[in-house]
Amino acid sequence: AYKDLKIEMSATNNGKEFPLPVVKESNQFALVMDHMAECILKDKIPKTPGEEGLKDQFVIDAIYRSARQKKVTYLKEIMNEYLLSEKHRQPRSSSF
């Protein structure tokens with residue numbers, strides 16, 4: 001998922017360069033799913049709550065709307081529409 005990402009640093013500490021961190025290549029999505037499963041099984045709080053994903057979705061929705069309408073779309077508009085809609089309040093049916 002994040003293969004070949006490179007980190008560059010230009011900051012120094014008392015004239016010495018910071019060493020570049022070593023980032024082990026792994027399947028980030030699988031790690032997130034494993035973490036979420038562990039949180040459910042052990043009743044833990046996730047490191048990244050669902051609200052973070054919702055914020056990301058607001059940004060993505062605003063990008064698409066702005067491209068479609070060819071004008072600026074403010075996140076506040078997207079968020080207000082979501083909060084006023086009933087969709088987010090309805091319980092989801094379980095497939096289990």
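The structure has four salt bridges, a salt bridge being a side-chain nitrogen of Lys or Arg within 4 Å of a carboxyl oxygen of Asp or Glu. This is a predicted model, in which local features need pLDDT of at least 70 and side-chain atom pairs count only at pLDDT 80 or more, while totals for chains, interfaces and linings use all residues. Residues are numbered from 1 along each chain as its sequence is written, and side-chain values use heavy atoms, with hydrogens and water left out.

**Overall layout**

- The protein contains three helices and two strands; helices (H or I, at least four residues) and strands (E, at least two) are DSSP runs, numbered from the N terminus.
- Along the sequence, these elements come in the order β-β-α-α-α.
- Of the 96 residues in the protein, 6% are buried, where buried means under 20% relative accessible area, exposed over 50%, and partly exposed in between (1.4 Å probe, protein chains only).
- The exposed area of the protein is about 9,400 Å², with 57% of it supplied by carbon and sulfur atoms; accessible areas come from the Shrake-Rupley method with a 1.4 Å probe, and for residues only the protein chains shown count as cover.
- Contacts (heavy atoms within 4.5 Å) between residues at least 6 apart in sequence include 13% that join residues at least 24 apart.

**Helix α1 and its ends**

- Helix α1 covers residues 28–42, 15 residues in total, and runs 21 Å from its first C-alpha to its last, close to the expected 21 Å at 1.5 Å a residue; the expected span is 1.5 Å times one less than the number of residues.
- At the N-terminal end of α1, N27 acts as a cap, with a side-chain oxygen 3.2 Å from the backbone nitrogen of F29.
- D43, just after α1, has a positive phi of about 50 degrees.

**Salt bridges within a helix**

- K42 and E38 form a salt bridge with an N to O distance of 3.8 Å; both residues lie in helix α1, four residues apart, about one turn of the helix.
- K42 is exposed at 55% relative accessible area, whereas E38 is partly exposed at 31%.
- E38, K42 and K44 belong to a network of salt bridges.
- E52 and K55 form a salt bridge at 3.6 Å, N to O; the two are three residues apart in helix α2, and so are separated by about one helical turn.
- E52 is partly exposed, with a relative accessible area of 34%, and K55 is partly exposed, at 48%.

**Links between helices α2 and α3**

- E81 and R65 form a salt bridge at 2.6 Å, N to O.
- Because E81 lies in helix α3 and R65 in helix α2, this pair ties together parts that are 16 residues apart in sequence.
- R65 is buried, with a relative accessible area of 16%, whereas E81 is partly exposed at 42%.
- There is one aromatic pair in the structure; rings of Phe, Tyr and Trp (its six-membered ring) pair if their centres lie within 6.5 Å, with planes under 30 degrees apart counted as stacked, over 60 as edge-to-face and the rest as tilted.
- The pair is F58 with Y82, edge-to-face, at 5.5 Å centre to centre and 65 degrees between the planes.
- F58 is in helix α2 (residues 50–69) and Y82 in helix α3 (residues 75–84), so the pair ties together parts that are 24 residues apart in sequence.
- F58 is buried at 8% relative accessible area, while Y82 is partly exposed at 27%.

Definitions and conventions. A polar contact is a pair of N or O atoms within 3.5 Å; within protein, one must be able to donate a hydrogen and the other to accept it, and residues adjacent in sequence count only if both atoms are side-chain atoms.
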